[in-house]
Amino acid sequence: MAYRLTSRDILALGFMTFALFVGAGNIIFPPMVGLQAGEQVWTAAAGFLLTGVGLPVIAVIALAKVGGGIEQLSAPIGKCAGLLLAIVAYLSVGPLFATPRTATVSYEVGIAPLVGGVSSISLFIYSLVYFAVVIAISLYPGRLLDSVGHILAPIKMLALAILGIAAVLWPAGEPIISTPSYSEMAFSNGFINGYLTMDTLGAMVFGIVIVNAARSRGVENSALLTRYTMWAGLIAGVLLTLVYVSLFKLGENCGTLLPNASNGADILHAYVQHTFGNFGSFFLAILIFVACLVTAVGLTCACAEFFALYVPISYRKLVWILGIFSMVISNLGLSKLIEFSIPVLIAIYPPCIILILMCFTLKWWKCPSRVVAPTMLTSLIFGLLGAMKSSELLQAFIPDVAKKLPLYVHDLAWLVPSLIVLVIFALYDRISTKQH
């Protein structure tokens, strides 16, 4: 007998997927885009939604299509290259950047205003408590659909719904004139900010968590697992879009309230304080804590399950190791984590985008690796230029000829060379096939 999910469980799976995605970056970056973009907000939003919603949903569908995790998705580039890509993705969205960031964001947005500001001691105490909870939940991955899908996700969605409705109904001010970067390159700036949510990398990591959550209900049929995973991705995509649109609106209408905000955390805190008074700070603290906690749990579970396949350490021990390591890294603070992560993300996103999109074209080629591998390699090489451009230390080493590449100023220098290589090797694949 083939087990099937009930409609309630499918919704819970979609809510869990949404809750796994909506973490630190999803809440702090859209308000900043809305504020700085001003009258160009919806042009910037289009770029942001492309990389912040479109790509993650496509990634979840791609993973459902190949029936597994990032290892199956990267099969066309070979086992060694695929494993290397998987390790980089898991480390980036795991203990190096994304998981520690969930703690620092929830601390700086929700807790610091309540305890009189940021301090290293209070951050350390908070991170100890935060990651103790993350570890406790992550030790039981089979209960994720119950603990996250049925309990934490609805709480998170209710809090986000309240914030989103308030942002639309009670704007805190008027938009300001677009900053120079947004007045000239609104779409591409939004596109790059969508990278910073790390949701595409997260989707490549969460795919197996979503499948395992369905399996925990007794579903083993591969066609059903694919269908349920796709539904979960689509539900999460719709909810993400609603959240982002409301947060863009919130940021746009905080222009006169906080025109010189340094980050999205400042905007959110100023808005809820203005709209809800002192209760607003408490409400925001709960919202950010639950949002970030759920994401941290999903990332920790996914990373522990992945590395347990390749190292002689049990899943439970890996949960402890990853949790403690993330706690230590989180004490670097939010600004340094974002500073370190931007060049890495700009470098690795292009090959990940190529891999996800080309997953849907594999049947077109006689030898998929002949087309996919060189296109990904090209996107990585030129993506490194974007990484150098985003780092003040490395900008001086960029060759002048590279600065003349199409879309270089938009941080999309990888796009045209990748398309050229794709066409060349696609033709080579067809010609070789005919000769054979």
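This is a short talk on the pockets and the cavity in this structure.

Okay, quick word first: what you're looking at is a predicted model. I'll go through the open spaces, then the closed one.

Let's start with the largest pocket, which comes out at about 930 Å³. It has 33 lining residues, and the ones closest to its centre are Asn193, Leu196, Ile338, Ile342 and Ser390. If you want to find the walls, look at helices H2 (24-37), H9 (180-196), H15 (334-358) and H16 (368-390), since each gives two or more residues to that lining. As for chemistry, it's a mix: 16 nonpolar, 12 polar and five charged.

Now, the second largest pocket. Its volume is about 340 Å³. Here 19 residues do the lining, and closest to the centre sit Ile353, Ile354, Leu357, Trp414 and Leu415. H9 and H15 turn up here too, along with helix H3 (41-66) and helix H17 (415-435), each with at least two lining residues. So what's the lining made of? Fifteen nonpolar residues, four polar, and no charged ones.

Last stop, the closed space. How many cavities of 30 Å³ or more are there? The count is one, and its volume is about 110 Å³. Of its 17 lining residues, Ala98, Thr197, Asp199, Thr295 and Leu299 are closest to the centre. The helices that each put in at least two residues are H1 (7-21), H2, H6 (98-111), H10 (199-215) and H13 (278-307). That lining splits into eight nonpolar, seven polar and two charged.

One thing to take back to your screens: H2 helps line both the largest pocket and the cavity. That's me done, thanks.

Methods
Residues are numbered from 1 along each chain as its sequence is written. This is a predicted model: local features need pLDDT of at least 70, side-chain atom pairs count only at pLDDT 80 or more; totals for chains, interfaces and linings use all residues. Side-chain values use heavy atoms; hydrogens and water are left out. On a 1 Å grid over the protein atoms alone, a cavity is a set of points where a 1.4 Å probe fits but cannot get out, and a pocket is an open set with protein on both sides within 12 Å along at least five of seven lines; lining residues have an atom within 4 Å of a point. Grid points are joined across faces, edges and corners, and a volume is the space filled by probe spheres set on the points. Helices (H or I, at least four residues) and strands (E, at least two) are DSSP runs, numbered from the N terminus. Ala, Val, Leu, Ile, Met, Phe, Trp, Tyr, Cys and Pro count as nonpolar, Asp, Glu, Lys and Arg as charged, and the others, Gly among them, as polar.
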